[in-house]
Amino acid sequence: MKARISALYTVPNMLTCSRFIMAPTMLWLAWHGYGDAFMFILAIAFISDILDGLAARRMNLSSPFGAMLDTWADLAIYLTIGFGSWWLWPDIVHREDHYLYIILACYLVPATIAIVKFDTYTGYHTWLSKAAAATIGLSLFPLFLFDIAWPFRLSIFLYVLAAIEQIALTLILPRLQCDVRSLWHGWQQYSSKPKK
């Protein structure tokens, strides 16, 4: 039991859990109108998201639990971005709302399909989904700090492709898997298994 508990308290998991602390902090900052501080903490959250994956791979501590923890921490930050940006920059959010609806659909549709098939949300963390999240994340800074919208709008296309890839992975994989690099890797895993 002690070994199992200590396996949860790893550097990657602690980095991931830091985002669960950052999320309410960001909400408090947004509610009180501290936009610059909100974006500063958001930048730290994005850095922790990069570092937890790097630490897990370098320290050979990747696990299904860590992958799902990362997925839930990401969800907490995404929801925080949604509420916080609405409170801080309602005019920008309203102007970009049709792009935000696309992002919401790209999150909900793959999640719904995964829940129907696997009874849980997936943690594929594909290269494409990481690139899409990084692109959208970086585009939020010019959008909210300088009201420059074109990087955000362009990043939506990558997010749509990542959502399509996640749906395809869910449809082809016979069982839930975490940390699948790409649709090609998922297909290789599926096709290499002996058929019963």
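**Exercise 1. In which helix is the place of Ala114?**

Solution. The model is predicted.

Step 1. Find the residue. Ala114 sits in helix 6.

Step 2. Check its exposure. Ala114 has 0% relative accessibility. Buried means under 20%, so Ala114 counts as buried.

Step 3. List its contacts, leaving out residues up to four places away in sequence. Ala114 touches Asp119, Thr120, Thr122 and Thr170.

Step 4. Take a distance. Ala114 and Phe152 are 38 residues apart along the chain, and 27 Å separates their C-alpha atoms.

**Exercise 2. Describe the largest nonpolar core and the helices that supply it.**

Solution.

Step 1. Count its members. The largest nonpolar core has 35 residues.

Step 2. Pick out the residues with the most contacts inside it. These are Phe38, Met39, Leu42, Leu140 and Phe144.

Step 3. Trace the core to its helices. Each of the following supplies at least two residues:

- helix 2 (11-31) and helix 3 (35-58)
- helix 4 (64-88) and helix 5 (90-95)
- helix 6 (97-118), helix 7 (127-146) and helix 8 (150-172)

Step 4. Look for another core. One of five residues lies apart from the largest, with Phe118, Leu169, Leu173 and Val180 among them.

Step 5. Return to Leu140. Not counting residues up to four places away in sequence, Leu140 touches Met39, Leu42, Ile81, Leu145 and Phe152.

Step 6. Set this against a general trend. In soluble globular proteins, nonpolar side chains tend to be buried together.

**Exercise 3. Map the nonpolar patch on the surface, then classify Trp150.**

Solution.

Step 1. Name the members. Leu145, Phe146, Ile148, Trp150, Leu154 and Phe157 form the patch.

Step 2. Give its area. Together these residues have about 700 Å² of accessible area.

Step 3. Assign helices. Helix 7 and helix 8 each supply at least two residues. Helix 8 gives the most, with three.

Step 4. Classify Trp150. This residue lies in helix 8. Its relative accessibility is 58%. Exposed means over 50%, so Trp150 counts as exposed.

**Exercise 4. Is Gln177 buried or exposed?**

Solution.

Step 1. Locate Gln177. It is in the loop between helix 8 and helix 9 (183-192).

Step 2. Read the accessibility. Gln177 has 11% relative accessibility and therefore counts as buried.

Step 3. Find its partners. Setting aside neighbours within four places in sequence, Gln177 contacts Tyr124 and Gln189.

**Exercise 5. Work through the salt bridges of Arg19, then turn to Arg95.**

Solution. Side chains of opposite charge can pair when their charged atoms come close.

Step 1. Start with the total. The structure holds seven salt bridges.

Step 2. Take Asp49 and Arg19. Their closest N and O atoms are 3.3 Å apart. Asp49 lies in helix 3 and Arg19 in helix 2, so the pair ties together parts 30 residues apart in sequence.

Step 3. Compare exposure. Asp49 is partly exposed, at 23% relative accessible area. Arg19 counts as buried, at 1% relative accessibility.

Step 4. Add Asp52. This side chain meets Arg19 in a salt bridge at 3.0 Å, N to O. Asp52 is in helix 3 and Arg19 in helix 2, 33 residues apart. Both Asp52 and Arg19 are buried.

Step 5. Move to Arg95. It forms a salt bridge with Glu96, with the closest N and O atoms 2.7 Å apart. Arg95 is partly exposed, at 34% relative accessible area. Glu96 counts as buried, at 1% relative accessibility.

Step 6. Look for shared partners. Salt bridges join Arg19, Asp49, Asp52, Asp70 and Asp74 into one network.

Methods. Residues are numbered from 1 along each chain as its sequence is written. This is a predicted model: local features need pLDDT of at least 70, side-chain atom pairs count only at pLDDT 80 or more; totals for chains, interfaces and linings use all residues. Side-chain values use heavy atoms; hydrogens and water are left out. A nonpolar core is a set of buried Ala, Val, Leu, Ile, Met, Phe, Trp, Tyr and Cys residues joined through side-chain atoms within 4.5 Å. Buried means under 20% relative accessible area, exposed over 50%, partly exposed in between (1.4 Å probe, protein chains only). Helices (H or I, at least four residues) and strands (E, at least two) are DSSP runs, numbered from the N terminus. Contact means heavy atoms within 4.5 Å. Patches are made of residues with over 30% relative accessible area and no salt bridge: like charges are joined within 9 Å, nonpolar side chains (Val, Leu, Ile, Met, Phe, Trp, Tyr) within 5 Å. Accessible areas come from the Shrake-Rupley method with a 1.4 Å probe; for residues, only the protein chains shown count as cover. A salt bridge is a side-chain nitrogen of Lys or Arg within 4 Å of a carboxyl oxygen of Asp or Glu.
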